[in-house]
Amino acid sequence: MADKACKLVLSEYDVFGFDLDHTIAKYHIENLFKLSYDSLISFLVSEKGYPEELNNGFDSHTDFLTRGIIFEKESGNFLKLDEDGYILRASHGTTFLTSSEIIKIYGTDRKWDHAAEIVSSVNNSDSYFIFENFFDMSGIVVVAHLIDVIDKMEGKRLEKYNVWPDVVSAFTHVYRYQAYSEETGGFFPKIKKDVSKFVERRNDDVIEWLKSLKNHNKKVFILTSSYVDFAKDICQQSLGNDWMTYFDIICTNARKPGFFNLNRPFLRLDENHEKEPVTELTSNTVYSQGNLNTLMKYLRDITGKDNPKICFFGDSLRSDVFPSKKFANWETVYLLEEMEIEGMKGIDPKPSTRVIELEDQQQEPNRKKRKLHELPSEEDTRILKSSKWGSFFCDESLPSKVESGQMKMRHMNTFWGYLIRKYADIAVPQLDYIADFPLDHQYEVFDHKDENKTGFYPGIPKSLDKV
């Protein structure tokens, strides 16, 4: 584990690993979420018999979307927690519960019983589901709207709901990996037909930065749960036709987080089809599935080091940051678009634009470079910024802990904020911000025992600003 007294300096690492979706690949969020919602609802209406009115639910409920919300499968309730597991806000379907209703259901202390389980596992269970990545998040509106429709049909709230098995069936139908080649399920055929509608071409700075890693004698790999055919098309759209040359090895269909603590074999691929298991990995090759132990043996071999230093970039706490930290002891960079969405202290767009300008203050004056970044579109911001659920980082629905006068920023009291401090080393909105500066740039890392040591880069979220 990283020495929290030290800075994170990328030049000191031997190996760089990357998740693909929402890390290397940057999506058009509004288009992606709407497609996901429409595909899920189409299945639920046509195959499970739910009413047609579900088709109109997304646009009217975009303000209900937020990352890190927990769904209780039987109660039909959604919960936003603070760092100690107390309920900050809650809804039943899309209807928010009053404080008295929360107390009536969960007790006067508003403590949720399963918070400690999530802190130790960052995983789902039979009784709850965490909506924490962008492929799942449209499901928040799907499930909430299902609860609303059932309550309307029954004329009351039920004591127990059983919609979750149908939702799982919908997700399985829409996201099954075979659907991309078969062009079924609604979701993948639309992306395959027009990848550029959903995935951005990365800017030249990011592409050149990825290329430069190998030029600095670093080893580079992709570790993605996307299946090989989809992953190849997303990489090509993001990086260009020569994308494979940027990486030493590509691991697809990795089925994270299980990749890190299970022992599924790597499978050879033949024309995008999974074949027999392999025990030795070869550079410049694309594989499917796999496990941490075999990957680590390969990385030790190609670096010539018994304990190569590895830094991993990903957008999911559950699938990327937590397991790579817990099981692999890799340093972690969390890609967190909410930083841009909520705004960062001291980093404001130029007048009448969505463009910000950054400068590396660590460099000598003659080496400083100013870089421009275009902030997320108004449409994507509308999707990811929820006035109903409040800030991703700081929520004052309950009295906050007493803050020391020595604090440089407001207390990051949300449950997801606590998990970020606990498991991530640094957090950045996009790879673009890392690509701006040289590998010897020093990043301050999170320390969950000392909030003055914050790993947000290039600035803390505005919601944490004490001013």
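E183 sits in the loop between helix 6 (178-182) and helix 7, and it has a positive phi of about 55 degrees although it is not a glycine. Keep in mind as you browse that this is a predicted model. Beyond that backbone detail, there is a pocket with a volume of about 1,200 Å³ to explore, the largest one, as well as one cavity of 30 Å³ or more, found in a search of the whole structure. Helix 1 also deserves a look, with its right-handed crossings of helix 5 and of helix 4.

**The largest pocket**

- The volume of the largest pocket is about 1,200 Å³, and 38 residues line it, with N133, D136, Y175, S225 and K256 the closest to its centre.
- Helix 5 gives the largest share of this lining, five residues.
- At least two lining residues each come from strand 7 (128-131), helix 5, helix 7 (187-193), helix 9 (228-239) and helix 12 (317-326).
- If you sort the pocket lining by class, you get 15 nonpolar, 11 polar and 12 charged residues.

**The cavity**

- For the largest cavity, the volume comes to about 110 Å³.
- Its lining is made of 14 residues, and R67, G68, K80, T414 and W416 are the ones nearest the centre of the cavity.
- Strand 3 (69-72), strand 4 (77-81) and helix 15 (415-423) each contribute at least two residues to the lining of this cavity.
- Seven nonpolar, five polar and two charged residues make up the cavity lining.

**Helix 1 against helix 5**

- Helix 1 (residues 29-48) packs on helix 5 (residues 164-175) at an angle of about 120 degrees, and their axes are 9 Å apart.
- Because of that angle, helix 1 is oblique to helix 5.
- On the helix 1 side, the contact is made by S36, S39, L40, F43, L44 and K48; on the helix 5 side, D166, V167, S169, A170, F171, H173, V174 and Y175 take part.
- This contact of helix 1 with helix 5 has eight nonpolar, four polar and two charged residues.
- Y175 links two topics here: it belongs to the helix 5 side of this contact and is among the residues closest to the centre of the largest pocket.

**Helix 1 against helix 4**

- The axes of helix 1 and helix 4 (residues 138-154) come within 8 Å, crossing at roughly 40 degrees.
- Helix 1 and helix 4 are therefore oblique to each other.
- From helix 1, the residues F33, S36, Y37, L40, I41 and L44 meet S138, G139, V141, V142, H145 and L146 of helix 4.
- Eight nonpolar and four polar residues form the contact of helix 1 with helix 4, with no charged residues.
- S36, L40 and L44 of helix 1 appear in the contact with helix 4 and also in the contact with helix 5.

**Backbone features to check**

- K256 and P257 are joined by a cis peptide bond, with omega near 5 degrees.
- You will find P257 in the loop between strand 9 (249-252) and helix 10 (258-261), while K256 is one of the residues closest to the centre of the largest pocket.
- Another cis peptide bond runs from Y457 to P458, where omega is about 15 degrees.
- P458 lies in the segment after strand 18 (442-443).

Conventions. Residues numbered from 1 in each chain as written. Predicted model: local features only at pLDDT ≥ 70, side-chain atom pairs only at ≥ 80, totals over all residues. Heavy atoms only, no water. 1 Å grid on protein atoms, 1.4 Å probe; cavity = no way out; pocket = protein on both sides within 12 Å on 5 of 7 lines; lining within 4 Å. Points joined across faces, edges and corners; volume = space filled by probe spheres on them. Helix = DSSP H or I, 4+ residues; strand = E, 2+ residues; numbered from the N terminus. Nonpolar A, V, L, I, M, F, W, Y, C, P; charged D, E, K, R; others polar. Axes fitted to C-alpha atoms, helices over the stretch in contact; angles between N-to-C directions. Parallel < 35°, antiparallel > 145°, perpendicular 65-115°, else oblique. Left-handed = near helix turned anticlockwise from the far one by under 90°. Contact = heavy atoms within 4.5 Å.
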